[in-house]
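Here is a short tour of one protein model, written for someone meeting it for the first time. Have a look at the sequence and the structure, then read on.

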Amino acid sequence: MNDATEDQDLCLYTDGASRGNPGPAGAGVVVVSRNGRTIAEKSVFLGKATNNMAEYQALVIGLRELGRFLPKRLTIRMDSELIVKQLNGAYRVRNKDLLPMYLEAKDLIGKFGIHVEVVHVPREQNQHADRLANLAIDSH
């Protein structure tokens, strides 16, 4: 994909899936321009993880992917209410296994040097990333 986009107002959709919780896990990432064009997508098998770990790993993978686009505005959309509330400061991260991933995500967000909005969306609005996360599990 071309790293230069006509529109640097981007939306990142991420989703993590785990079968067994913990169990085989996958991450799905979709980067969409303001006009709705998919400019990047990624499906990654994560090995054994809990669902929340998979959600955070998907977010970190997505934020790394975004690094090559240099967004001027960014909205992150996830169907994990827990992680959205943790990122927005409404909940503390109490799980010691999630804390390093939370800190990495916050660090990556901070490196963009822009205001980043993190929004909870219903699962129905995150189907593309969900499909990619499950595809990663199915492929292993």
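Which residues are linked with D9 in a network of salt bridges? They are R34 and R73, which join D9 in that network. A salt bridge here is a side-chain nitrogen of Lys or Arg within 4 Å of a carboxyl oxygen of Asp or Glu. Side chains of opposite charge can pair when their charged atoms come close.

A quick word on what you're looking at. This is a predicted model, where local features need pLDDT of at least 70, side-chain atom pairs count only at pLDDT 80 or more, and totals for chains, interfaces and linings use all residues. Residues are numbered from 1 along each chain as its sequence is written, and side-chain values use heavy atoms, with hydrogens and water left out.

**Salt bridges**

The structure holds 9 salt bridges. Three of them, with their N to O distances, are set out here:

| Pair | Distance | Where |
|---|---|---|
| R19 and D138 | 2.8 Å | R19 in the loop between β1 and β2 (23-33), D138 in helix α4 (residues 127-138) |
| K85 and E81 | 3.3 Å | both in helix α2 (residues 81-87) |
| D107 and K111 | 3.3 Å | both in helix α3 (residues 99-111) |

Helices (H or I, at least four residues) and strands (E, at least two) are DSSP runs, numbered from the N terminus.

Take R19 and D138: their salt bridge links distant parts of the chain, 119 residues apart. K85 and E81, by contrast, sit 4 residues apart, about one turn of the helix. D107 and K111 are also 4 residues apart, again about one turn of their helix.

How open are these side chains to the outside? Buried means under 20% relative accessible area, exposed over 50%, and partly exposed in between (1.4 Å probe, protein chains only). R19 is partly exposed at 39%, while D138 is exposed at 52%. In helix α2, K85 is partly exposed at 27%, and E81 is partly exposed too, at 40%. Over in helix α3, D107 counts as partly exposed at 42%, whereas K111 is exposed at 61%.

**A buried spot**

Now for T14, which you'll find in strand β1 (residues 9-18). Is T14 buried or exposed? T14 is buried, because its relative accessible area is 0%. Leaving out residues up to four places away in sequence, T14 touches several others, among them G28, V29, E55, L59, R77 and N126. Contact here means heavy atoms within 4.5 Å.
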